[in-house]
Amino acid sequence: MKVTDSNSFGIAIKNKRKKLGYTQKYISEFTGISASFLSDLENGKKTIELDKALRIANLLGLDVELNERG
């Protein structure tokens with residue numbers, strides 16, 4: 001999946017989480033990262049750092065992709 005903004009990044013994260021059968025609560029308990037943060041991430045809530053980094057990469061002609069390992 002080609003990632004071009006925080007929304008497409010969030011969709012990729014959500015799709016992978018669901019494919020693995022994990023809930024946001026499970027990930028939250030396992031990592032200590034709040035479920036509300038995970039929800040925001042999956043819903044494409046912009047953070048200055050991520051969105052800015054993606055915009056600069058796009059501006060420079062770089063593609064950001066998430067690829068399954070293995």
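This is a short walk through the structure above, from its overall layout to a few residues worth finding.

The model is a predicted one, so please read every value here as computed from that prediction. Begin with the fold as a whole. The protein contains four helices and two strands. If you trace the chain from its start, the elements come in the order β-α-α-α-α-β, with one strand ahead of the helices and another after them. Along the principal axes, the C-alpha atoms occupy a box of roughly 35 × 30 × 15 Å.

Next, consider how the chain meets itself. Among contacts in the protein with a separation of 6 or more, 65% join residues that are 24 or more positions apart. Of the 70 residues, 21% are buried. The accessible surface amounts to about 5300 Å², and carbon and sulfur atoms supply 57% of that surface. As for charge, there are 12 positive and 9 negative side chains, and the centres of these two sets lie 3 Å apart.

Now let us look at some rings. Searching the whole structure turns up two aromatic pairs. In one of them, Tyr 22 and Tyr 26 sit 5.0 Å centre to centre, and with 35 degrees between the planes this pair is tilted. In the other, Tyr 26 is paired with Phe 30. These two rings are stacked, at 6.0 Å centre to centre and 15 degrees between the planes. Tyr 26 and Phe 30 both belong to helix H2, which covers residues 24-31; because they are four residues apart in that helix, about one helical turn separates them.

Tyr 26 takes part in both pairs, and Tyr 22, Tyr 26 and Phe 30 together form one aromatic cluster. How open to the surroundings are these rings' residues? Tyr 22 is partly exposed, with a relative accessible area of 36%. Tyr 26 is also partly exposed, at 40% relative accessibility. Phe 30 reaches 64%, and it counts as exposed because the cut-off for that label is over 50%.

For a final stop, find Asp 51 in helix H4, which runs over residues 48-59. Is Asp 51 buried or exposed? Its relative accessible area is 9%, and since anything under 20% counts as buried, Asp 51 is a buried residue. What does Asp 51 touch, apart from its neighbours within four places in sequence? Asp 51 is in contact with Ser 6 and Lys 46.

Terms used:
Residues are numbered from 1 along each chain as its sequence is written. This is a predicted model: local features need pLDDT of at least 70, side-chain atom pairs count only at pLDDT 80 or more; totals for chains, interfaces and linings use all residues. Side-chain values use heavy atoms; hydrogens and water are left out. Rings of Phe, Tyr and Trp (its six-membered ring) pair if their centres lie within 6.5 Å; planes under 30 degrees apart count as stacked, over 60 as edge-to-face and the rest as tilted. Buried means under 20% relative accessible area, exposed over 50%, partly exposed in between (1.4 Å probe, protein chains only). Contact means heavy atoms within 4.5 Å. Accessible areas come from the Shrake-Rupley method with a 1.4 Å probe; for residues, only the protein chains shown count as cover. Lys and Arg count as positive and Asp and Glu as negative; His and the chain ends are not counted. The place of a charge is taken as NZ of Lys, CZ of Arg, CG of Asp or CD of Glu.
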